Amino acid sequence: MTGPDEREPIPGDLRALIDRAFDYRGYVTLARRDGGPVVGFVYDRGPEHVELFDEAARRRVRLAIDQITGVEFTGEDSAARAQQIWERRRGGLEPPDAQRGAWGEWGEPATGDRRSTRPVLILVALPAELRSVAGVLRARPDGGTARGRLGATGAVALAVGVGGGAARVVEAERPGLVISCGFAGALEPSLAPGDLVLASSVRDEAGESIAASEPVLRAARRVLDAGDRACLAEGELLCTTEVVATAAAKRALIRPGRLAVDLESAPAAHAARRAGIAWLALRVVLDPLDADLPAFAQVVRGSYLAPALRHALRGPRAAAELAELARRVRTASRSLARALARLGAVVGGLIDAERAP
Amino acid sequence: MFTVARYVLKQRIAGRTRYPLVLMLEPLFRCNLACTGCGKIQYPTALLKKHLSVADCLAASDECGAPVVSIAGGEPLLHPQIAEIARGLVARGRFIYLCTNALLLEDKLDQFEPDSHLSFSIHMDGPRVEHDHSVCRAGVYDTAIAAIRAAVGRGFRVTTNTTLFDGANPDRMRRFFDDMMALGIEGMMVSPGYSYRKAPDQDHFLRREQSHRLFSRMLESPARRWRFNQSPLFLQFLMGQREFDCTPWGNPTYNIFGWQRPCYLLQDGYARTFRELMDRTEWSRYGHASGNPRCRDCMVHCGFEPSAINASFGSLRGMGETALALVRERR
């Protein structure tokens, strides 16, 4: 056990970073000696500690400075943004009709607390993923959208295509929680088709990492880890802009703590964070680390039906390959549906995690 | 005035050297405007969506004990329970100044009842052109004027608060004071803006000497009808006729983070309790005399009104000087 006098002195550069984090009007990610990174807004610091609000602005976290090993400025600086906006329109005024009423950008609450009626928004990429989600919501997909209920909470599921559309949809639906879900490729050798990956953070191709809110993760973990045959793993999700289809390509992306690769979670997390909404990325493994996807699946398409049939007609090996892929899709879809159904039990609480007390 | 005087004398008799006069209560940071000189509202959205509960606000007032509560923000009228907060504070005998840009005031008036303890303090930074420029939106001055008329007409106490920046024209401001008093308001508050480092416009904050020049020209030979809801000694301080140092503990600030150290304007961290704020803040690091560069040009009322009030009620001489200043002001 280390007493206060035996602690290592805090390096000056770390102290300077903590001072900068305290002055910063955006989220920072604090790396810890023990445990995962903590993301939040630093509002107080002393000689021995920092205090921050988590990303949902619900939970206060107090960390000993000697447990902090690094500081990353991962969120947008609100003050710098306000100054940039002002510089751009220097001297120019918003016209009166630019107001969204006298409530400004916040909008007038309907009656009571309208946030309690905000839906959960489930973002998937492909129509095949939407079909399995729609089943859980007891809804029929209509033009890429399925509206129903997840547990007792209103839910909207949308197939937004690969990589895009999340920001627009988040703005349009004004949800209380964003769940990005769908298929992923494993970057961890022990993960099999149908295994679940709960993202503690998502990292985009530019290297920016967004950590998930711990209260949201904790609630999700509790229900997802309860006696399902699929394995639940929690760690980093890498989000690329092109399909990573071959075993060799996947191996090149392996890093400690990184579990899977997908195409959609980072835009969804970015959009939710910008809107101040809690988010969750839940993926299901479609292709294990050592498996290649068939050639037709290596390209992003709206529909895979015709290319799959053409692939099957190339010969018995290709047909077997397609059958194997179809089996994995079924396994992954069922696993995802079961996981979403279990999330239904806590999703109202996850929306509450975002609400101001 | 009588309540504040009695409170100050009570503190003095009890031998307290540091005591609060006005609780600056910030129940939320979100706002429906983005003013050029405001550094209060630049936070991530999740924090802007957060607000103090009614119970938090009342507990803060109980903990602090200041006789006056200024409800600031953010825009307090965006708080869904703002009327409940005001009612709770009035029921505790506090004098409330509900600071608002008035965009929502007319719509919300029905939620409030006129009371001698409740004043709406309307943000008005000058005549139409100057005010709309300051709040970066056309039409806000006219909306605020309509709201003032409506509130005064329904029997509410209404004051204005005016923050001034470099470039303010003293002659136009004098006409603005005439216009405000003609609306039937009870009094006006004026102050130079604080040079928030997080504010969008960093080029128009007043240096101390500039403040002296501006306020001297603006407030010399005041019109008889002008009423300032401020200590006359503070106005003399603004004009450079009197020197005070800051009383940063005079207007303690409570918001979603806790008790803000050391004052309404600077954020050097937060205390969990009011007692911790008072007892464990290094007050000697703040104020003009401390040499703290962030305090160098500050002449804002939240730091110097308490100094002026302490001077007014702290001695017979102070009382005499205040009485004399009041007579001069109204001559």
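Start by selecting A:Arg174, which counts as partly exposed at 42% relative accessibility. The model is a predicted one. A:Arg174 sits in the loop that runs between α4 (166-173) and β9 (177-186) of chain A. Display its backbone: phi is near 45 degrees, a positive value in a residue other than glycine.

**A second positive phi, in chain B**

Go next to B:Cys136, in the loop between α6 (128-135) and α7 (140-153) of chain B. Here too phi is positive in a residue other than glycine, near 65 degrees. Is B:Cys136 buried or exposed? At 3% relative accessibility, B:Cys136 counts as buried.

**Chain B as a whole**

Colour chain B by secondary structure. The chain has 13 helices and nine strands. Of its 331 residues, 63% count as buried. Take the contacts in chain B between residues at least 6 apart in sequence: 73% of them join residues at least 24 apart.

**Helix α3 of chain B**

Select residues 54-64 of chain B, which form helix α3. Show the side chains of B:Val54, B:Cys57, B:Leu58, B:Ala60, B:Ser61 and B:Cys64, the buried residues of this helix. Now look down the helix axis: these buried residues fall within an arc of 155 degrees, so they line one face of α3(B). The background is simple: an α-helix has 3.6 residues a turn, so residues three or four places apart point the same way.

What do the buried residues of α3(B) pack against? Add these elements of chain B to the selection:

- the strands β1 (22-25), β2 (68-71), β7 (253-255) and β8 (258-262)
- the helices α4 (82-91) and α11 (274-279)

Then step off the end of the helix. α3(B) is followed by B:Gly65, whose phi is positive, near 80 degrees.

**Two cis peptide bonds**

Two of the elements just selected lead to the next stops. In the loop between β2 and α4 of chain B, find B:Gly74. A cis peptide bond joins B:Gly73 to B:Gly74, with omega about 10 degrees. Then move to strand β8 of chain B, where B:Pro262 is found. B:Arg261 and B:Pro262 are also joined by a cis peptide bond, and omega is about -10 degrees.

**B:Thr322**

Select helix α13 (residues 316-330) of chain B and pick out B:Thr322 within it. B:Thr322 is buried, with a relative accessible area of 9%. Leaving aside neighbours within four places in sequence, B:Thr322 is in contact with B:Pro232, B:Leu233 and B:Ser312. Which of these has a side chain in polar contact with the side chain of B:Thr322? The partner is B:Ser312, at 2.8 Å.

**The interface between chains A and B**

Show both chains and select the residues of each that are in contact with the other. The selection should hold 43 residues of chain A and 41 residues of chain B. The two chains bury about 3,700 Å² between them, 56% of it on carbon and sulfur atoms. On the chain A side, highlight A:Arg25, A:Trp86 and A:Trp106, which lose the most area to chain B, together 20% of what that side buries.

Turn to the polar pairs. Across the interface there are 15 residue pairs in polar contact, and the count of salt bridges between the chains is three. For a salt bridge to inspect, pick B:Arg197 and A:Asp23, whose side chains meet at 2.7 Å, N to O. Several elements of chain A each supply at least two residues of the side that touches chain B: α1 (12-23), β2, β3 (49-54), β4 (60-64), α2 (78-88) and α7 (265-275). The largest share, five residues, comes from α2(A).

**A:Asp44**

For the last stop, select strand β2 (residues 38-45) of chain A and find A:Asp44. A:Asp44 is buried yet has no salt bridge. The nearest side chain of opposite charge, A:Arg62, is 5.4 Å away, whereas a salt bridge would need the charged atoms within 4 Å. What lies 3.1 Å from a polar atom of the side chain of A:Asp44? The answer is in the other chain: the backbone nitrogen of B:Tyr270. Not counting residues up to four places away in sequence, A:Asp44 touches A:Phe22, A:His49, A:Val50 and A:Glu51, together with B:Gly269 and B:Tyr270.

How values were computed. Residues are numbered from 1 along each chain as its sequence is written. Chains are lettered from A and ligands numbered from 1 in the order in which they are written. This is a predicted model: local features need pLDDT of at least 70, side-chain atom pairs count only at pLDDT 80 or more; totals for chains, interfaces and linings use all residues. Side-chain values use heavy atoms; hydrogens and water are left out. Buried means under 20% relative accessible area, exposed over 50%, partly exposed in between (1.4 Å probe, protein chains only). Helices (H or I, at least four residues) and strands (E, at least two) are DSSP runs, numbered from the N terminus. The arc is that of the directions from the helix axis to the C-beta atoms. Contact means heavy atoms within 4.5 Å. Lys and Arg count as positive and Asp and Glu as negative; His and the chain ends are not counted. A polar contact is a pair of N or O atoms within 3.5 Å; within protein, one must be able to donate a hydrogen and the other to accept it, and residues adjacent in sequence count only if both atoms are side-chain atoms. Buried area is the accessible area (1.4 Å probe) that two parts lose on being put together, summed over both.
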